[in-house]
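Subject: The structure we talked about

Hi,

Here is the structure I promised to pass on. Please have it open while you read, and my notes follow below.

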Amino acid sequence: MDLVEDIVIVGAGIAGLTTALGLHRLGYRSLVLESWSNLRITGFAFTTWTNAWKALDAVGLGDSLRQQHGKLLGNVAYSTVSGLTTSEISFETKATHGEHEVRCMKRKALLESLEKALPSGTIRFSSKVVSIEESGHLKLVHLADGSIIKTKVLIGCDGVNSLVANWLGFTKPTFTGRSAIRGYTHFNNGHGFASKFLQFFGKGVRYGFIPCDDTTVYWFFTWTPSTQEEEIEENPTKMKQFVLSKLGIVPDKFVKVVENTDLENIIASPLRYRRPWELLWGNISKENVCIAGDALHPMTPDIGQGGCAALEDGVILARCLGEALAMKGSTEDKGIEEYERITMGLKKYAEERRRRSIELITTAYIVGFIQQSDGKVMNLLRDKLFSPYLASLLLRRANFDCGNLLNH
């Protein structure tokens, strides 16, 4: 017997769980299908900018997560060529929507908080979606175990290799030719770092160190690998050795962060993005199906907005869908009317997210290109001219408020 659900969300990542929690706060149940057997914790941590905290406050998790993560006071950029500071900005400034707030969030803490806030049974693990089929106004979601779920609404939050995005007509995200190595280091007696986001650029690499709390430092390293260097991405020992060999002129305390990172806390991944023009004419939503998170706007990590944008998506999608579901039908055929309301609600969400997604993807790509470029002329332009402007873009793109779950 086929299972029937009102709302099915594919993927228990940041976007999927935020959407589910937003809907739950509004009184609507959803089923989240996750292909893994547990929460997928990849990437270790990410910078949560002002816009992310607006979204977390909207779903009621902001205060509890603030207590677990220290506030960052500013950003300092250095040249690995000269060892000199190229720019410094304060995060303690006012934005259009209040004071700026920046922290480094542990992904595990965020995902576990989202899961804990949801009703038991919301997430169904080990549930891999293999195909989608239409059946009148419903969508049939086929799982790898042979079961089929009928749903009135299908939301794809299934990452960069999204099956739902493919069903909507999007191609696979494009490789940038760049890769990232990420890690985090725990210091039992405290790390002693100032509460600042520290970035380094030069000689074709870009890397940084960000304290999450008093004992944990998250770090990242991006570069354009040669064919030979691509082989190290499967070997944590070689990854660590490679990063250490490329740090350039930096104080010893930063070298020690990488040296002290346990091998199980180092991962690598190629960087991909969705071409912005695909979102100009692509179907972010179609009928009662839509996408969010990395399924919608995979981007390079250069402005730290991937996870933040996924939080925005979740709040705005829950609000638009909640508004559509809250409307009362007036005709005898309420099924058709509800389907039309859902279609319009998802279309509203899609239009709200289209421009923002294009802006973030484009900015991230350009910032990464400039910061990671090599050559004497580019090094000079970046360090002397571009660095302050690129740093200011971090706050400018974070100056966004997704709003509350309910429109007042």
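Let me start with helix H4, residues 107-117, whose buried residues are Ala-109, Leu-110, Leu-111, Ser-113, Leu-114 and Ala-117. Those buried residues pack against a mixed set of partners: helices H1, H2 (50-58) and H3 (62-66), together with strands E3 (45-48) and E8 (103-106). Please keep in mind throughout that this is a predicted model.

Helix packing

Two of the partners of H4, H1 and H2, turn up again in contacts with helix H9. H1 spans residues 14-25 and H9 spans residues 306-326; their axes are 8 Å apart and the packing angle is about 30°. Angles under 35 degrees count as roughly parallel, so H1 and H9 are roughly parallel to each other. The crossing of H1 with H9 is right-handed.

On the H1 side, the residues in this contact are Ile-14, Ala-15, Thr-18, Thr-19, Gly-22 and Leu-23. They meet Gly-307, Ala-310, Leu-311, Gly-314, Val-315, Leu-317, Ala-318 and Leu-321 of H9. Sorted by class, the contact has nine nonpolar residues, five polar ones and no charged ones.

H2 also packs against H9, at an angle of about 35° and with the axes 8 Å apart. Here the crossing is left-handed. H2 brings Asn-51, Ala-52, Ala-55, Leu-56 and Ala-58 to the contact, and H9 brings Cys-308, Leu-311, Glu-312 and Val-315. Seven of these residues are nonpolar, one is polar and one is charged. If you look at H9 from both sides, you will find Leu-311 and Val-315 listed in the contact with H1 and also in the contact with H2.

Aromatic pairs

There are 17 aromatic pairs in the structure. One of them joins Phe-197 and Phe-220 in an edge-to-face arrangement, with 6.2 Å between the centres and 75° between the planes. This pair links distant parts of the chain, 23 residues apart: Phe-197 belongs to strand E14 (residues 196-202) and Phe-220 to strand E16 (residues 216-223). Phe-197 is buried, at 5% relative accessible area, and Phe-220 is buried too, at 9%.

A second pair is formed by Phe-221 and Phe-242, whose ring centres lie 5.9 Å apart with the planes at 85°, so this pair is edge-to-face as well. It also links distant parts of the chain, 21 residues apart, with Phe-221 in E16 and Phe-242 in helix H6 (residues 236-246). Phe-221 has a relative accessibility of 0% and counts as buried; Phe-242, at 10%, counts as buried too.

Phe-221 and Phe-242 are also members of an aromatic cluster, which they form with Tyr-78, Phe-193, Phe-200, Tyr-207, Phe-209, Trp-223 and Phe-254.

Backbone details

Which residues other than glycine have a positive phi? Two that I noted are Ser-126, with phi near 55°, and Lys-203, with phi of about 55°. Ser-126 sits in the loop between strands E9 (123-124) and E10 (129-135). Lys-203 is in the loop that runs between E14 and strand E15 (205-211). Unlike the buried Phe-197 of E14, Lys-203 is exposed, with a relative accessible area of 53%.

Happy to go through any of this together once you have had a look.

Best wishes

How values were computed:
Residues are numbered from 1 along each chain as its sequence is written. This is a predicted model: local features need pLDDT of at least 70, side-chain atom pairs count only at pLDDT 80 or more; totals for chains, interfaces and linings use all residues. Side-chain values use heavy atoms; hydrogens and water are left out. Axes are lines fitted to C-alpha atoms, for helices over the stretch in contact, and angles run from 0 to 180 degrees between N-to-C directions. Helices (H or I, at least four residues) and strands (E, at least two) are DSSP runs, numbered from the N terminus. Angles under 35 degrees count as roughly parallel, over 145 as roughly antiparallel, 65 to 115 as roughly perpendicular and the rest as oblique. A crossing is left-handed if the near helix is turned anticlockwise from the far one by less than a right angle, and right-handed if clockwise. Contact means heavy atoms within 4.5 Å. Ala, Val, Leu, Ile, Met, Phe, Trp, Tyr, Cys and Pro count as nonpolar, Asp, Glu, Lys and Arg as charged, and the others, Gly among them, as polar. Rings of Phe, Tyr and Trp (its six-membered ring) pair if their centres lie within 6.5 Å; planes under 30 degrees apart count as stacked, over 60 as edge-to-face and the rest as tilted. Buried means under 20% relative accessible area, exposed over 50%, partly exposed in between (1.4 Å probe, protein chains only).
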